[in-house]
Amino acid sequence: MRRPHPSGPAVPAVLTAVALIAVTVVLGVLHPVRRAPVSTDTLGPDNGEVVADYLARADRSLDAPDARREHWALVSFARPVTTEVVRDAASGTRVSQVLFRVPLDRVQTPLVPVSVAAGDAALARASVLAAGRAQAMTGETERQAQIAAVSSEELARNCACVIGVVVRGDHEALTALRSAPDVRAVEALGAEAVAGRFAVRPLLPEQVEIVAPGPDDGIVPGSGS
């Protein structure tokens with residue numbers, strides 16, 4: 001007995017589906033989905049790293065074979081400094097980011113990074129921008145809000161609160177910067193590093209043995225707690 005033939009419309013439908021799949025595969029090959037770039041570059045010490053080891057590692061980073069090319073680098077200061085000190089110390093490089101942190105005894109204050117345009121005028125305005133950002137870092141507790149308020153007030157006064165800067169310069173400029181007063185370390189990335197695609201973890205001036213958070217049991221000025 002003869003089996004019934006498949007209905008007419010079924011075969012064209014199957015062929016159409018196969019054709020669509022083939023077109024999709026071809027388009028996927030010709031126009032692949034772009035994946036976000038993965039960045040593993042980091043400037044600064046690792047949590048728990050011995051400070052002496054980091055300082056030695058930072059010094060070794062200046063021994064780049066491509067010394068004539070410019071590099072991104074993190075400059076860490078031995079003590080918090082003003083933007084004027086940064087201007088004088090880093091005059092041979094392009095300052096790209098300023099890292100502010102108000103020093104309060106036994107109080108964990110927020111890190112306030114500020115990107116700056118080229119020129120001394122932009123650097124001089126950085127503390128005012130940092131004050132506005134610190135004011136918005138109210139946190140989730142009353143203590144955090146008090147710390148944010150005090151940090152904002154100090155930054156608005158252009159306090160000595162810069163703990164590090166990200167700069168760009170050639171080997172000669174970075175080596176000279178390493179010898180500048182108040183500079184504790186200069187760590188450079190490879191010349192192929194791209195702006196905005198590396199993380200920055202500054203070395204805090206109070207970190208002298210191990211890179212770890214300090215105490216946070218001190219009294220916030222003006223709060224009584």
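**Notebook: helix H4 and its surroundings**

I began with what lies over helix H4, and found that the cover of its buried residues (buried means under 20% relative accessible area, exposed over 50%, partly exposed in between, with a 1.4 Å probe and protein chains only) includes helix H3 (83-89), strand S3 (94-100), strand S4 and helix H5 (142-156). Helices (H or I, at least four residues) and strands (E, at least two) are DSSP runs numbered from the N terminus, and contact means heavy atoms within 4.5 Å.

I noted that this is a predicted model, in which local features need pLDDT of at least 70 and side-chain atom pairs count only at pLDDT 80 or more, while totals for chains, interfaces and linings use all residues. Residues are numbered from 1 along each chain as its sequence is written, and side-chain values use heavy atoms, with hydrogens and water left out.

**Helix H4**

Which residues of H4 are buried? I listed Ala122, Leu123, Ala126, Ser127, Ala130, Ala131 and Ala134. At Ala126 I also found a bend of about 35 degrees, taken as the angle between axes fitted to the seven residues ending there and the seven starting there.

**Cores**

I then looked up the largest nonpolar core (a set of buried Ala, Val, Leu, Ile, Met, Phe, Trp, Tyr and Cys residues joined through side-chain atoms within 4.5 Å), which has 37 residues, with Val95, Phe100 and Leu155 among those with the most contacts inside it. Helix H4 (residues 120-136) gives the most to this core, with five residues. Leaving out residues up to four places away in sequence, I saw that Phe100 touches, among others, Ala126, Ser127 and Ala130, as well as Val112, Val114 and Leu155. A second, separate core of 16 residues includes Ala58, Leu99, Val166 and Phe198.

**Strand S3**

Six of the seven residues of S3 are buried. I found S3 antiparallel to strand S5 (residues 162-169), joined by six bridges, and Val95 stands opposite Val167 in S5. S3 also pairs with S4 in the antiparallel sense, over four bridges, where Leu99 stands opposite Pro113; two strands pair if DSSP finds at least two bridges between them.

**Confidence**

Last, I checked pLDDT, the predictor's confidence in each residue from 0 to 100: the protein averages 86, and 80% of the residues score at least 70. Among the elements, helix H1 (residues 10-30) has the lowest mean, 46, and strand S4 (residues 112-115) the highest, 98. Over residues 17-39 the pLDDT is below 50, and beyond near neighbours in sequence I found three contacts for this stretch in the model. Where pLDDT is low, the predicted coordinates should not be read in detail.
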